[in-house]
Structures are given as structure tokens and as C-alpha cells.
Amino acid sequence: MRRRSVPWIHRYSRPLIGGVSIVGAILTGYLTITKLTGGAAACTAGATDGAGCSGVLNSPYATVFGLPLSLFGFLAYIAMAVFALSPLFINGETQKNLRKSLENNTWLLLLAGATAMAVFSGYLMYILATELKELCPYCITSALFALTLLILTIIGREWEGLGQIILPMVVVAMITLVGTLAVY
């Protein structure tokens with residue numbers, strides 16, 4: 001019997017998701033360290049009032065529960081990297097069942113995480129455009145990373161049907177929005 005060819009995106013989606021997540025973690029880690037040390041971000045883009053990125057990063061929207069918002073982004077990116085890459089460290093030859101189980105379980109975690117990150121980033125882009133009226137390349141890049149993670153998660157595997165992804169996405173999106181509006 002001939003094996004069906006696996007699309008390239010299904011073979012490489014986990015490393016791609018892991019790579020984007022690691023770069024996102026570096027970006028948000030930099031912003032977190034900058035915020036915690038009281039430094040200024042290396043950026044003057046879009047400074048309508050001379051503040052640029054620092055104005056955005058020092059706004060009331062940049063802190064949640066007394067902690068830098070970028071710290072939560074850093075933790076989200078790290079979690080996504082772990083979800084994406086952890087099955088790749090399990091030997092598929094000797095521990096096939098464990099790897100398959102971990103792959104299946106982490107896909108749902110990736111879907112939930114990517115959905116929450118994309119929805120929250122969309123909200124932050126709205127705040128950036130309407131309330132802060134600044135251009136923050138770090139913020140926009142992180143939002144694009146979140147959207148990329150969602151797209152890669154959706155197209156990165158063969159889902160059993162749309163219902164398998166739509167319902168979890170809607171539930172996570174609603175929880176994210178309600179939680180966001182409760183905090184802000």
C-alpha cells in the first residue's frame with residue numbers, strides 16, 4: 001500500500017510555530033527587561049508627541065496587575081514554543097504512542113493559545129490606533145507574530161473538520177474578550 005504524501009506545511013508547521021514563538025519571546029523579553037529596568041526602548045518611530053515607542057510602553061495600557069504587559073506576552077510566546085516543539089523531542093520510533101498523544105493534545109493548546117494571542121493583539125492594535133495614536137513597531141510586530149501563529153496552527157495540520165477548530169476558537173475568543181474588557 002502506498003503512503004499518502006504529507007503536505008510540506010504539515011511537516012514543518014511545528015518548527016515554524018516554534019521559531020516564530022521564540023522570536024516573539026525575544027522581542028517581548030526585551031520589552032519586559034526594558035520596562036522593569038526603567039530604560040527606554042530603542043525606537044522613536046511614530047513619535048507624534050516625542051514619545052514614540054516609550055510613550056506606548058509607558059502608557060496605562062502597558063501594565064496589567066502591576067506587571068508589564070510584555071511579560072504576559074513573553075510567557076505566552078514561551079508556552080507556544082513549548083507546545084509546538086515538545087513533541088519533536090519524543091522519539092517517534094521508540095515512543096510512538098506518547099509522541100502521537102502529545103502531538104494531538106498540543107495542537108488544541110496551540111489553537112487556544114494562538115486564538116487568545118491574536119484576539120488580544122487585535123484589541124491592543126485597536127487601542128494603539130484609537131487611544132494612543134502612536135506607531136509602535138514592537139507592538140505591531142508582536143501582533144503580526146500572533147496572527148502568524150494562528151494561521152500556522154490552523155493550516156499546520158489536517159483537522160477532522162471545521163467544527164473541531166471553530167468551536168474552540170469562538171470559546172477562547174469570547175473568554176479573551178470578556179477578560180480583556182474586565183481588566184481594561
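A charge counts as sitting over a ring if NZ of Lys or CZ of Arg is within 6 Å of the ring centre and within 35 degrees of the ring normal. In this predicted model, arginine 157 does just that: it lies over the face of tryptophan 159, at 4.7 Å from the ring centre. We'll come back to that tryptophan after a look at the overall layout.

**The chain as a whole**

There are 6 helices and 2 strands here. Reading from the N terminus, the elements go α-α-β-β-α-α-α-α. Put a box around the C-alpha atoms along the principal axes and you get roughly 65 × 30 × 25 Å. Of the 184 residues in the chain, 38% are buried.

One helix to look at is α4. With 37 residues, α4 reaches 50 Å from its first C-alpha to its last, close to the 54 Å expected at 1.5 Å a residue. Just after α4 comes lysine 133, with a positive phi of about 50°.

**Two backbone oddities**

Most residues other than glycine have a negative phi. Lysine 133 is one exception in this chain, since its phi is positive and it is not a glycine. Lysine 133 sits in the loop between α4 (96-132) and α5 (137-155). With a relative accessible area of 57%, lysine 133 is exposed.

Phenylalanine 65 also has a positive phi, about 55°, without being a glycine. You'll find phenylalanine 65 in the loop between β1 (63-64) and β2 (67-68). Is phenylalanine 65 buried or exposed? Its relative accessible area is 70%, and the cut-off for exposed is over 50%, so phenylalanine 65 counts as exposed.

That aromatic side chain has company on the surface. Phe65, Leu67, Phe72, Leu75 and Val183 make up a nonpolar patch, with about 480 Å² of accessible area together.

**Aromatic pairs**

How many aromatic pairs does a search of the whole structure find? The search turns up 6. Here are two of them, side by side.

| Ring pair | Centre distance | Angle between planes | Geometry |
|---|---|---|---|
| Tyrosine 61 and tyrosine 184 | 5.7 Å | 40° | tilted |
| Tryptophan 107 and tryptophan 159 | 6.2 Å | 75° | edge-to-face |

Start with the tyrosines. Their planes are at 40°, so the pair is tilted. This pair links distant parts of the chain: tyrosine 61 is in the loop between α2 (52-57) and β1, while tyrosine 184 is in the segment after α6 (162-183), 123 residues apart. Tyrosine 61 is partly exposed at 23% relative accessibility, and tyrosine 184 is partly exposed at 28%. Both tyrosines also belong to a wider group, as ring pairs link Tyr61, Phe120, Tyr123 and Tyr184 into a cluster.

Now the tryptophans. The planes of tryptophan 107 and tryptophan 159 are at 75°, so this pair is edge-to-face. The pair again links distant parts of the chain, with tryptophan 107 in helix α4 and tryptophan 159 in the loop between α5 and α6, 52 residues apart. Are these two rings buried or exposed? Buried means under 20% relative accessible area, so tryptophan 107 qualifies at 6%. Tryptophan 159 also counts as buried, at 12%.

That brings us back to the start. Tryptophan 159 pairs edge-to-face with tryptophan 107, and arginine 157 lies over the face of tryptophan 159.

Methods. Residues numbered from 1 in each chain as written. Predicted model: local features only at pLDDT ≥ 70, side-chain atom pairs only at ≥ 80, totals over all residues. Heavy atoms only, no water. Helix = DSSP H or I, 4+ residues; strand = E, 2+ residues; numbered from the N terminus. Buried < 20%, exposed > 50% of the residue type's maximum accessible area, 1.4 Å probe, protein only. Patch = residues over 30% accessible without salt bridge, like charges linked within 9 Å, V, L, I, M, F, W, Y side chains within 5 Å. Areas by Shrake-Rupley, 256 points an atom, 1.4 Å probe, with all protein chains shown as cover. Salt bridge = Lys/Arg side-chain N within 4 Å of Asp/Glu carboxyl O. Expected span 1.5 Å × (residues − 1). Phe/Tyr/Trp six-rings, centres within 6.5 Å; stacked < 30°, edge-to-face > 60°.
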